[in-house]
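Student: I have a model open on my screen and would like to learn how to read it. Could we go through it together, feature by feature?

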Amino acid sequence: MAIGVKETLKGLQGRDFLTLADYSREEIEELIELAQTLKSNYKSGYRDLLLTGKTLGMIFEKSSTRTRVSFEVGMYQLGGNGIFLNSKDLQIGRGETIADTAQVLSRYLDGIMIRTYSQADVEELASQASIPVINGLTDVYHPCQVLADLLTIKELKGTLQDLKLAYIGDGNNMVHSLMLGASILGMHVAVATPNGYQPDKEIVAKASAFADRSGGSVHITDQPQEAVQQADVIYTDVWASMGQEEEQEKRELAFTNFQVNAQLMRLAKSDMSFMHCLPAHRGEEVTADVIDGPHSVVFQQAENRLHAQKALLVALMGVTDKEGVLFAKQNPRN
């Protein structure tokens with residue numbers, strides 16, 4: 001069973017994945033379509049060995065559950081290998097330059113995934129490496145999570161165009177990537193944050209420009225009740241992300257009225273879905289009855305990190321023949 005790849009995806013071979021703003025609507029839509037195909041094949045008992053002999057280096061400066069496991073398992077399922085690289089164990093943790101590290105790793109690996117604090121460091125790594133670099137998370141963006149989120153919404157709703165996504169909480173890396181991905185694909189994004197915790201103005205402007213072209217919209221407010229009116233999806237994240245632990249008490253006070261609970265959910269559409277990138281703090285940003293309730297799709301989201309990232313890895317690191325068919329064999333899954 002061969003997998004055909006459209007010209008758009010063939011053009012992604014060797015590219016970096018640093019932010020969704022670097023990708024066109026067609027490219028993102030075709031990544032989602034490829035993810036659906038790979039997921040369906042795997043559920044049907046096949047392994048698409050599309051990265052046989054390929055190796056992904058995974059640099060972690062920030063700890064992880066979903067990012068590490070999904071990338072490592074994804075490479076295994078595609079016939080390749082994922083190598084965990086703790087930044088403290090690398091020479092980069094002892095002062096070796098990013099440029100030197102990038103050039104060395106480019107001679108060993110077929111791709112690099114990095115999960116770290118600084119977006120500038122990821123961009124420098126990508127500029128110096130001769131192999132694809134994937135942003136597994138920075139303080140500014142979380143594009144891999146949003147690619148999985150868009151896949152999940154497409155599975156649930158059948159479409160993305162004109163759907164309303166309401167985000168309640170901190171104007172962090174999650175909302176930045178959600179605004180970009182959703183606006184590129186024609187969704188309406190309403191973001192409610194406390195004053196002083198709004199998303200980056202330049203990213204809001206960029207998302208608004210994407211929305212103007214796609215038929216979507218971006219709206220920023222400090223009123224959660226306004227944001228969730230007739231929403232198809234309600235999304236939240238922790239109030240204090242990694243590196244902000246010392247702000248926990250201050251943020252709990254600022255975000256008191258920004259909890260996603262049953263009362264807030266009733267303002268959305270009756271068939272709305274609740275999403276959270278995890279890990280979650282029940283009783284803080286979301287109540288247990290919501291995240292563990294019938295509208296919650298958080299574990300479908302978590303699973304889709306695997307399938308969306310497999311599609312990304314195949315698109316960036318795979319090889320196609322002249323007819324656009326991915327090289328590799330499909331073997332029954334043992």
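Tutor: Happy to! Bear in mind that this is a predicted model. Let's start with a helix: α7, residues 173-184, lies across strands β6, β7 (188-192), β8 and β9. Its direction is at about 160° to that of β7.

Student: Those strands seem to belong together. In what order do the strands of the open sheet lie, and is the pairing parallel or antiparallel?

Tutor: The general idea comes first: strands of a sheet pair through backbone hydrogen bonds, in either a parallel or an antiparallel way. Here, 5 strands form an open sheet in the order β8-β7-β6-β9-β10, and the pairing is parallel. The edge strands are β8 (217-221) and β10 (273-276), each of which pairs on one side only. From one strand to the next, the twist averages 20°.

Student: Can we zoom in on one pair? How many bridges join β6 to β9?

Tutor: There are 4 bridges between β6 (residues 164-168) and β9 (residues 233-236), and the two strands run parallel. To find your place, look for A166, which stands opposite I234 in β9. Another helix packs on this sheet: α6, residues 143-157, touches β6, β9 and β10. The direction of α6 makes about 165° with that of β10.

Student: As a bench person, I always check the cysteines. How many disulfides are there?

Tutor: A disulfide is a covalent bond between the sulfur atoms of two cysteines. In this model the count comes to 0.

Student: Why is C144 not bonded to C277?

Tutor: Because their sulfurs are too far apart for a bond: the closest cysteine sulfur to that of C144 is in C277, 13 Å away. The cut-off used for a disulfide is within 2.5 Å.

Student: Are C144 and C277 buried or exposed?

Tutor: C144 counts as buried, because its relative accessibility is 0%. C277 is buried too, with a relative accessible area of 7%; the cut-off for buried is under 20%.

Student: Let's step back to the whole protein. How many helices and strands does it have?

Tutor: The protein has 13 helices and 11 strands. Its radius of gyration is 20 Å, close to the 20 Å that the globule rule gives for 334 residues, so the protein is as compact as a globular protein of that length. Along its principal axes, the C-alpha trace spans about 50 × 45 × 40 Å.

Student: And what percentage of the residues count as buried?

Tutor: Of the 334 residues, 57% do. As for the accessible surface, the total is about 14000 Å², and 48% of that belongs to carbon and sulfur atoms.

Definitions and conventions. Residues numbered from 1 in each chain as written. Predicted model: local features only at pLDDT ≥ 70, side-chain atom pairs only at ≥ 80, totals over all residues. Heavy atoms only, no water. Pairing = 2+ DSSP bridges. Axes fitted to C-alpha atoms, helices over the stretch in contact; angles between N-to-C directions. Contact = heavy atoms within 4.5 Å. Buried < 20%, exposed > 50% of the residue type's maximum accessible area, 1.4 Å probe, protein only. Rg over C-alpha atoms; globule rule 2.2 N^0.38 Å. Areas by Shrake-Rupley, 256 points an atom, 1.4 Å probe, with all protein chains shown as cover.
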